[in-house]
Amino acid sequence: MTHSVTPFTSRIVGCGSYLPARAVSNEELARTVDTSDDWIVERSGIRQRYFAAEGELTSDLAVAAARRALDMAGVAADEVDLVVVATATPDNTFPATATKVQAKLGITQGAAFDVQAVCTGFIYALAVADSFLRVGQHRCALVIGAETFSRILDWTDRGTCVLFGDGAGAVVLRAEPSRPGAPGLLGSRLRADGRHYDLLYVDGGPSSTGTAGALRMQGREVFRHAVANLASVVVEILAEQGFAVADLDWLVPHQANLRILAGTAKKLGLAPEKVVVTVDRHANTSAASVPLALDTAVRDGRIRPGQLILLEGMGGGLTWGGCLARW
Ligand code: ACO
């Protein structure tokens, strides 16, 4: 969708992230799972992940990331009138984790809800919040990706349990009057193809088994779809906004697997050094991975004002999509 006709532009004015205290190396995992550091690094690029402490919930991670984003933005919590949490691992089946986050931050105005698009969740949430802000329905949003995937892993399935971690990332999105060339979100594209539901899913839920269930994945098939879908959505968004791949300063992708990141960059003809990579340290944190990677590259000074950045992701559903921003 193009963003030329609305009175406001939404702009990311702050970001923040949070990782639980406990880092777990591949070697540590290999003590209880039939795997090795070599296998995990070679197939995924992952060297460690973080696991939430007992009693530490998705909402706790989300609140910690949100506070850091508000701090960077210099925005007080009571200015926020929209809280959107992207998560596939909510504290409870209902209400939305966003309402708990809203309450913990002391926000009493506006709306709060969750968005569920698994690893594409943050991209979906950002696009939804952007739509609300651009038409003037809300003025200031917290968009958060937060997950505790360690709670839905099957520790006897070595093909999946080594790939995921816990974490959260957040951005503060503010509506500003539209003017040409100003910083802000320029466009987004969301896609889904539910025919591939069974390639990556959790085998439980309130309506099916009455249990939380565990993650199931056909890794090779997911891999096959990932590179093709991600490369095409990036090209579509850029073309829609009149840009070429060479105009991009940074690609901030969902961090599933180093081979997917490298494959996507290669297919796009994008220099690998323009891709923000955190999967080695964070593993796949689902909806948290894009804002975690964004926050990393903003705080270490790589992403700078005026640059063109593209956030993208793909996950269960299958879902995929991207958002283009002028920083
Ligand atoms: N340690 C050691 N050996 C393992 C492990 C492990 N953790 N897991 C699997 N193996 C073995 C298998 O048993 C198999 O052995 P066999 O040949 O004796 O039968 C062998 O390794 C190959 O297994 P495959 O599953 O075929 O391995 P593949 O090369 O496909 O790699 C992987 C698996 C890493 C999951 C890959 O398919 C992948 O990256 N897929 C993308 C999926 C992904 O990243 N999903 C994240 C969520 S979706 C998203 O975020 C986009």
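Q: What phi does Gly242 take just after α7?
A: A positive one, about 80°. Helices here are DSSP runs of H or I with at least four residues, and strands are E runs of at least two, numbered from the N terminus. A quick note on the model: it is predicted, with local features needing pLDDT of at least 70 and side-chain atom pairs counting only at pLDDT 80 or more, while totals for chains, interfaces and linings use all residues. Residues are numbered from 1 along each chain as its sequence is written, and side-chain values use heavy atoms, leaving out hydrogens and water.

Q: Why is Ala246 called exposed?
A: Exposed means over 50% relative accessible area, buried under 20%, and partly exposed in between (1.4 Å probe, protein chains only). Ala246 comes in at 65% relative accessibility, so Ala246 counts as exposed. Ala246 sits in the loop between α7 (219–240) and β11 (250–253).

Q: How do you know that the reach of α7 is close to the one expected at 1.5 Å a residue?
A: The expected span is 1.5 Å times one less than the number of residues. With 22 residues, α7 reaches 31 Å from first C-alpha to last, against 32 Å expected.

Q: What makes a nonpolar core, and which residues touch the most other members of the largest one?
A: A core is a set of buried Ala, Val, Leu, Ile, Met, Phe, Trp, Tyr and Cys residues joined through side-chain atoms within 4.5 Å. The largest has 46 residues, and Leu248, Leu251, Leu270, Leu310 and Leu324 touch the most other members. The largest share of this core, nine residues, comes from α7.
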